[in-house]
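Q: Please take me slowly through one pocket of this model and what lines it, and then through the surroundings of the ligand.

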Amino acid sequence: MITFALEACNLSRTFGTVKALDDVSLSLEAGKVLALLGQSGSGKSTLLRVLAGLESLDAGEVYADGRLVSDVRTTVPPEKRPLGMVFQDYALFPHLTALANVAFGLGHLGKPERRALAASWLERVGLSNRGGAFPHELSGGEQQRVALARALAPNPRAILMDEPFSGLDPHLRADLQSSMLATLAEAGVAALIVSHDTEEALAVADQVAIIEHGRILQSGLPRDVYRAPKSLEAARALGAVWSLDGLAQNGQVATRLGTFESPFDGPVVVCSRPEATLVTASDSGQFNVIDRRGVGRFMTLKLQGVTGDGAFITAQVEAKTAPEIGQHVALSLLPEDVFVFKA
Ligand code: ADP
Ligand code: MG
């Protein structure tokens, strides 16, 4: 049997009439990074707080390193769990230096050992010269690294991070992401990272889980969820999609982009991704370029049927060969890039 760094089994948590968590199951493998994606209010922070022991449960169990730490009766306190936590706003102690913040969770050690271990963690996150600084003297990125060092110093099996990059300038994020991943990999610590930024999550994740209205819609390898989403919401969670309404009959649905197989008959939604939508300039094409955007290698086209009705389609094309606004184009899709869901 695999011992997971962290395992959530059928968790439910209700606040008044809001089901913040509804039968959530999730497992985090040792040393792996799991990204939890979901819109605002979907239950991400509640799940993290339950896993950390900051919130109680109405049903279900949490196991950390194979040991029961939460069920309806028991909530092992956060500091007794083999877990570290990095909060959205870092939550550093304002009256303590960076070094003292990192040393805070090391109360089981003698004072010299605490200082030495805290200093070595500051060094590992590249802040060996900032140990004496107070949080308000540190930049956002530095505070985040102190928070990471503080979470990792007690040698947890997993760390839980709530939107760890959301307060940072975009140009800092990529650097911090890669240095954070390197630090985690070196420490062999698993991480559950909450994000509402898909690109950011996919850049760091070994696994993804998508949460909506307190339920896990889908989880797995990022590539698998991207290629075979189980719902329109799951498809959207891993990147841009466009969608068309259709009516499937005898296992097929006819659309302006062709006829596709459908696992259901009746009203369906046919969707695909801009990067999978193939565009060929053609005067007899059935679509019209309404708009084009983008400054880099790729442009995103907004397209509509030449008759001027029906839903918009978006397509990503090479900027060098992008058709002009007003150009008629033909669109095509590979069958494996088309997803059909019940409407
Ligand atoms: P997310 O982090 O994905 O934005 P949250 O877990 O913070 O979502 O919240 C999920 C839902 O639970 C929301 O509807 C939120 O208003 C509600 N909620 C969260 N915490 C509390 C609380 N302590 N009291 C009442 N409602 C809460
Ligand atoms: Mg939140």
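A: In this predicted model, the second largest pocket (an open set of 1 Å grid points where a 1.4 Å probe fits, with protein on both sides within 12 Å along at least five of seven lines) has a volume, the space filled by probe spheres on the points, of about 310 Å³. It is lined by 17 residues (those with an atom within 4 Å of a point), and Gly38, Gln39, Glu212, Glu233 and Ala237 lie nearest its centre. At least two lining residues each come from β9 (207-212) and α8 (232-237), elements that are DSSP runs of at least two residues for strands and four for helices. By class, nine lining residues are polar, five nonpolar and three charged, with Gly counted as polar.

Gln39 also belongs to the surroundings of ligand 1, which include Phe15, Val18, Ala20 and the run from Ser40 to Thr46, where a residue counts if a heavy atom lies within 4 Å. Three of the polar contacts (N or O pairs within 3.5 Å) reach oxygen atoms of this ligand: a polar side-chain atom of Thr46 lies 2.5 Å away, one of Ser45 2.9 Å away, and a backbone N or O atom of Ser42 3.2 Å away. The helix α1 gives the most to this shell, three residues, and by class the shell has seven polar, three nonpolar and one charged residues.

Residues are numbered from 1 along each chain, with chains lettered from A and ligands numbered from 1 as written. Local features need pLDDT of at least 70 and side-chain atom pairs 80 or more, while totals for chains, interfaces and linings use all residues, and side-chain values use heavy atoms, without hydrogens and water.

Note on methods: Polar contact = N/O pair within 3.5 Å; in protein donor to acceptor, adjacent residues only side chain to side chain.
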